[in-house]
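Visitor: Hi! I have a new structure open on my screen and would like some help reading it. Can we go through it together?

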Amino acid sequence: MIIPPEVKKKPLEYIFLVLFFVVGLCFYLFADISDSGKRFVAIALAGGYFFWSLYHHYKRGDLNLSIIIEYLVIILFGIVLLTGSFF
Amino acid sequence: MKHFWSHFFIPQEKNNHRAGLLRTNTLLILIAFYLLNQSVVKFVTFLKPGILGYSSEITVQKVLEQTNNQRQQLGLPALKYNATLSQSATQKAQDMFANNYWAHNSPSGKTPWDFFKTVGYKYSLAGENLARDFYDTDSLIKAWMNSPTHRANIVHQNYQEMGIGVVNGVLGEIKTTLVVQHFGTPVNFVASKVEEPISNPVTSVPTQNNEVVVESVPPVVETTTIPESVLLPQTSEVLSQQNKYVSPLLLNKIISIALFVLIISVLFIDGYITLKNNTHRLTGSTVGHIGFLLVILLLIVSSHQGAIF
């Protein structure tokens, strides 16, 4: 199994990210929540990923505007397509 | 031509070692394309109601079987199919299409129990479950079983019979399938054992004529056999007999999944080639992007369809 160098360098950060995604996913799928609750969970997942990216790149020392925009666009892509499908 | 497409999928010197599809402006174009598609779908459904929509694969037979499967798993007796109840269920669905509403009570004040009375079904206990926009029976039954009030109807110990209406038509400018499930216990049903009814304030009605509803059948698992001919009028078409329509919701979901699969695949290719060539570049985390998009893709794929009432 190939482990990318960026994961090897900061394994704890990626473990935290995976745990965050798994908890969010389980809450979304198994908790008895309404559509607005699900929307909130999806937005929280996106927000959490954005803050993780800020911390991750700040620690790596390469945080700049183009990277922030890249994350924002990826998050926008995910949220727009998710909301378009269900909400 | 080959070079043109490789620019979008493979990181190389010409695209500054970043697959073209992953560039910010390309992703923004994809988002714009998706939003435009949604607007076109909404415009078409507004302009030509009924052009978009769908006919599901739900049948009366499947709903009956799976409802009884759920009961039998809990050790409850299977409900008997009742053609009169199916008639009232079908009339309820047709009434919702005709008067363009989605509720237990019609805008003119008609209650579910009025439909029972219209077809001449005299009940001591009755209930109603509604559903719309489901593609298959599995998802429909799962959604009902996940809702406490609908579940209470399905596993109600005092119901004896069930009728189902599966009707296609246009509701709110979109072609869809409505499923109405009517439960009942005939007024002359004699029971031998009193059991606590499962409360369902939304859809159960109190005993008529002040009769005491008691359970006559011990919880023995039994199979209801229904003659094939009884189940033939499974789907009543209000407007059309054709099954060629596509749901706008399904269309959006398919396009979303396709776009997600495309971007995740390109991220994998991009990450692999970058790793292989040991390229250093200033971009976001490919692993993080794949993880985030996979999570959102899972949410889209696993979220249930339709609506229940």
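Guide: Happy to! Let's start with a term we'll need: a residue is buried if 20 or more other C-beta atoms lie within 10 Å of its own, and exposed if 12 or fewer do. Please also keep in mind that this is a predicted model.

Visitor: Okay, so what share of chain A counts as buried?

Guide: Of the 87 residues in chain A, 25% count as buried.

Visitor: And what share of chain B is made up of buried residues?

Guide: For chain B, which has 309 residues, buried ones make up 34%.

Visitor: What secondary structure does chain A have?

Guide: Chain A comes to four helices and zero strands. If you read along its sequence, you get the pattern α-α-α-α.

Visitor: How many helices and strands does chain B have?

Guide: Chain B has nine helices and six strands. Among its contacts with a separation of 6 or more, 81% are between residues 24 or more positions apart.

Visitor: Back to chain A for a second. What is its mean pLDDT?

Guide: The mean pLDDT of chain A is 88, and 94% of its residues reach 70 or more. Confidence in chain A is lowest in helix H1 (residues 5–9), with a mean of 85, and highest in H2(A), at 92.

Visitor: Good to know. Now, how many residues of each chain are in contact with the other chain?

Guide: There are 32 residues of chain B in contact with 33 residues of chain A. On the chain B side, helix H2 (24–47), helix H8 (248–277) and helix H9 (286–302) each supply at least two residues.

Visitor: Which element of chain B gives the largest share?

Guide: That's H9(B), with twelve residues.

Visitor: What classes of residue are on that side of chain B?

Guide: The side of chain B that touches chain A has 18 nonpolar, 13 polar and one charged residues.

Visitor: Let's zoom in on H9(B). How do the axes of H2(A) and H9(B) cross?

Guide: Helix H2 of chain A covers residues 11–30, and its axis comes within 11 Å of the axis of H9(B), crossing at roughly 10°. Angles under 35 degrees count as roughly parallel, so H2(A) is roughly parallel to H9(B).

Visitor: Which residues make that contact?

Guide: From H2(A), they include A:Tyr14, A:Leu17, A:Val18 and A:Phe21. From H9(B), they include B:Val287, B:Gly288, B:Gly291 and B:Val295. By class, the contact of H2(A) with H9(B) has eleven nonpolar, four polar and no charged residues.

Visitor: New topic: which residues touch the most other members of the largest nonpolar core?

Guide: In that core of 34 residues, they are B:Leu140, B:Met162, B:Ile164, B:Leu178 and B:Val179. Several elements of chain B supply at least two core residues each, including helix H3 (60–73), helix H4 (83–99), strand S3 (161–171) and strand S4 (174–186). There is another core apart from this one, with 28 residues, among them A:Leu45, A:Leu81, B:Val295 and B:Leu297.

Visitor: Which residues is B:Met162 in contact with, leaving aside neighbours within four places in sequence?

Guide: Its contacts include B:Leu64, B:Thr67, B:Leu79, B:Tyr81 and B:Phe183.

Visitor: I clicked on B:Asn16. Where is that one found?

Guide: B:Asn16 sits in the loop between helix H1 (2–9) and H2 of chain B. Although B:Asn16 is not a glycine, it has a positive phi of about 60°.

Visitor: Is B:Asn16 buried or exposed?

Guide: B:Asn16 counts as exposed, because it has 11 other C-beta atoms within 10 Å.

Visitor: And where does B:Asn100 lie?

Guide: B:Asn100 is in the loop between H4 and H5 of chain B. It too is not a glycine, and its phi is positive, at about 50°. With 12 C-beta neighbours inside 10 Å, B:Asn100 counts as exposed.

Visitor: Last one! How far apart are B:Ala98 and B:Val170 in sequence and in space?

Guide: B:Ala98 and B:Val170 are 72 residues apart in sequence and 8.8 Å apart in space, C-alpha to C-alpha. You'll find B:Ala98 in helix H4 of chain B. B:Ala98 is exposed, because 12 other C-beta atoms lie within 10 Å of its own.

Visitor: Great, thanks for the tour!

Conventions
Residues are numbered from 1 along each chain as its sequence is written. Chains are lettered from A and ligands numbered from 1 in the order in which they are written. This is a predicted model: local features need pLDDT of at least 70, side-chain atom pairs count only at pLDDT 80 or more; totals for chains, interfaces and linings use all residues. A nonpolar core is a set of buried Ala, Val, Leu, Ile, Met, Phe, Trp, Tyr and Cys residues joined through C-beta atoms within 7 Å. Two residues are in contact if their C-beta atoms, placed from the backbone, lie within 7 Å. Ala, Val, Leu, Ile, Met, Phe, Trp, Tyr, Cys and Pro count as nonpolar, Asp, Glu, Lys and Arg as charged, and the others, Gly among them, as polar. Axes are lines fitted to C-alpha atoms, for helices over the stretch in contact, and angles run from 0 to 180 degrees between N-to-C directions. Angles under 35 degrees count as roughly parallel, over 145 as roughly antiparallel, 65 to 115 as roughly perpendicular and the rest as oblique. pLDDT is the predictor's confidence in each residue, from 0 to 100.
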